[in-house]
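Open the model in your viewer and set it to cartoon, with side chains hidden for now. The stops below are meant to be selected in order.

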Amino acid sequence: MKLGNKTFLYSVIIAFITGMVIFSYMIFLMPAMYMDYKEKQNRENAKSSLAYFKDHESLKGMEMRDSGVFGIAIPDKGYTIKIAGSGFEGNIEFISPSARKLIDQIRSLNQKSFEKSDDLFQKFKPLLSSVLHENMGEIKKNFKFTMDVDKSVMPFKAQKRKIHMLGGGMGMGEFTVKSNYSGTSYTNFVGFVKKGKTMLVIVNSVMTPTAKEILPVIYGSIPTLVLLMIILAFGVSEIYSKKIVKPIKKLSIDAEKRMYASSYSLDPLEVSGKDEIADLTTALNLLYQKQAQAVEELEEENKRKEVYMRALSHQLKTPVTASLLLVDGMIGKVGKFGDREIYLPEVKDQLQEMMSIINEASSIHHMSDQQEIEWIDLEVLCREIIEKNRINAEAKGITLRIENPEKKVYWQKNVRMLRKILENLIVNGIDHTTENGDVKLIIQETKIRVLNHPGHIEEGLIENIFEPFVTSVQEENLDKQKGHGLGLYIAKYFAGKLGLELKGKNLQDGVEFMIEKRGKND
């Protein structure tokens, strides 16, 4: 499955899970939370209504908030009370004895009365029954009722009865009944507070809907939510595809192109943004750059090896052919070659020449595989090499000298390779310096110079001086070649391995070879 299809599938799954969580919340948690919220809101509204009535002794200008509210102000004397609502105010005088007893009982309420809620309910229950009986008696004088009452049918059930002490002399009773048919709750908040000698009573009636009334609305919103989730899944998938899938696909296409094309013919990838895709693109550019450099170095290495092997084969042919001719002549006792005492040493010299070439070739491959790096004291290393070659130099009357810098110089390189480079350069200087000459090493912070004079590199050889088996012939001894031409080639090869630059040039009265670091921080 492709990444784009996976992205769409994951988006659908996430949208489905999110939708299920939302639906579960809306169906199972939100109704109960809504009812709990409405109950707390109704209670707070009742408290604020009581506080407002206490401050103003009127309900005009008060925000009603979906509730029915009316207030009663009972003076400390008399039985004429004040009633108030949001749109009316008036007075009611109580005439019947039971009603006046109820008014007196309300006047007697104080903070301690609300602390014993059960006793308070018991005190008011007979008074309320007496008032109801008196009024029903008056009604029966003028009306005649005939009805059958089924006491088993109860439309309402008492649910909650609670007294709240609000502080500041205010108390509030909460009385809730629940419909047995719809489950709707009806609550009356009856608040009491004394302001001076006047008892203020407020009645706040509210209704709290049941969860059954909310669920149909939730079920009706499901199709819309499903549609929104589908749109969300497509939108997220498209955005993700644009921001993630397309850049990754671009990287994949570029990688395929690089598989079948040369790294040099393709431009680096374009980096846009600062996200992980941009980091990956940058890393791939660096990888391709390193890969191209590695391929280039490998091609150069293969080319060098090919040239070297061809030159090695050609160079070995001469001593091998000469040895075979000498051996065949001595076996067949052909002419002067029958004198073995003279020509056997010649054969030995040819075999030693071959062994020297083979040893040099072996040292190249053996040392090139070594990767150990360490800090090298250049002065100590150069003095060791000079002492090793001093006897050969003195045999020709050549002076070996070393010129040190003012402070110690250390290079972090492979010591065996660097030693081989310096040895070959010094040996080359000794071999190509005439008698009573000198070879000098100059150590500097970023370079080492090897100078010999008198000496000169033939103009025809200076361009190819570092190629394998390139040799010069001394002018005073044309038939004697100096070495087999691998010294400078090995020095150049190891210098490349160590990240050094090796150059050679003619001076006015001699020759200079210089080893130099390629970078300041190398």
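What follows is a walk through a predicted model, from overall confidence to a sheet, its helices and a few charged pairs.

**Stop 1: confidence**

Colour the chain by pLDDT. The average for the protein chain is 78, and 81% of the residues score at least 70. Now select residues 474-482, where the pLDDT is below 50. Beyond near neighbours in sequence, this stretch has eleven contacts in the model. Where pLDDT is low, the predicted coordinates should not be read in detail.

**Stop 2: the five-stranded sheet**

Select strands 9, 11, 12, 13 and 14, which form an open sheet. In what order do the strands of this sheet lie? The order is 9-11-12-14-13, and the pairing is mixed. Strand 9 and strand 13 (500-506) are the edge strands, each pairing on one side only. From one strand to the next, the twist averages 15 degrees.

Stay with the sheet and bring in helix 8. This helix packs on the sheet and touches strand 9, strand 11 and strand 12. The direction of helix 8 makes about 180 degrees with that of strand 9.

Go to the strand 13 edge. Strand 13 pairs with strand 14 (residues 511-517) in the antiparallel sense, over seven bridges. To see one position in this pairing, pick Glu501: its bridge partner in strand 14 is Glu516. Then show helix 11 (residues 487-497), which lies across strand 13 and strand 14. Helix 11 runs at about 145 degrees to strand 13.

**Stop 3: strand 11**

Select residues 438-443, which make up strand 11. Is this strand buried or exposed? Six of its six residues are buried, so strand 11 is largely enclosed by the rest of the structure.

Turn on its side chains. In a regular strand the side chains alternate between the two faces of the sheet. Here Asp438, Lys440 and Ile442 point one way, while Val439, Leu441 and Ile443 point the other way.

Now look at the partners of strand 11. Strand 9 (residues 399-403) runs parallel to strand 11 and is joined to it by five bridges. Within that pairing, Arg401 stands opposite Lys440. Strand 12 (residues 447-453) pairs with strand 11 in the antiparallel sense over six bridges. Val439 stands opposite Asn452 of strand 12. Follow the backbone from strand 11 to strand 12 and you pass through a hairpin with three residues between the strands.

**Stop 4: Lys440**

Centre on Lys440, in strand 11. Which residues is Lys440 in contact with, leaving aside its neighbours within four places in sequence? They are Arg401, Glu403, Arg449, Val450 and Leu451.

Among these contacts, Glu403 deserves its own view. Glu403 and Lys440 form a salt bridge, with the closest N and O atoms 4.0 Å apart. The pair links distant parts of the chain: Glu403 is in strand 9 and Lys440 in strand 11, 37 residues apart. Lys440 has a relative accessible area of 19% and counts as buried because the cut-off is under 20%. Glu403 is partly exposed, at 40%.

**Stop 5: other charged pairs**

Side chains of opposite charge can pair when their charged atoms come close. The model has 15 salt bridges, and two more are worth displaying.

Select Glu423 and Lys388, whose side chains meet in a salt bridge at 3.1 Å, N to O. This pair also links distant parts of the chain: Glu423 belongs to helix 10 (residues 415-431) and Lys388 to helix 8 (residues 378-388), 35 residues apart. Glu423 is buried, with a relative accessible area of 12%, whereas Lys388 is exposed, at 56%.

Next select Glu44 and Lys47, which form a salt bridge at 3.6 Å, N to O. Where do these two residues lie? Both are in helix 1 (residues 3-56), three residues apart, about one turn of the helix. Glu44 has a relative accessible area of 47% and is partly exposed. Lys47 is also partly exposed, at 26%.

How values were computed: Residues are numbered from 1 along each chain as its sequence is written. This is a predicted model: local features need pLDDT of at least 70, side-chain atom pairs count only at pLDDT 80 or more; totals for chains, interfaces and linings use all residues. Side-chain values use heavy atoms; hydrogens and water are left out. Buried means under 20% relative accessible area, exposed over 50%, partly exposed in between (1.4 Å probe, protein chains only). Helices (H or I, at least four residues) and strands (E, at least two) are DSSP runs, numbered from the N terminus. Two strands pair if DSSP finds at least two bridges between them. pLDDT is the predictor's confidence in each residue, from 0 to 100. Contact means heavy atoms within 4.5 Å. Axes are lines fitted to C-alpha atoms, for helices over the stretch in contact, and angles run from 0 to 180 degrees between N-to-C directions.
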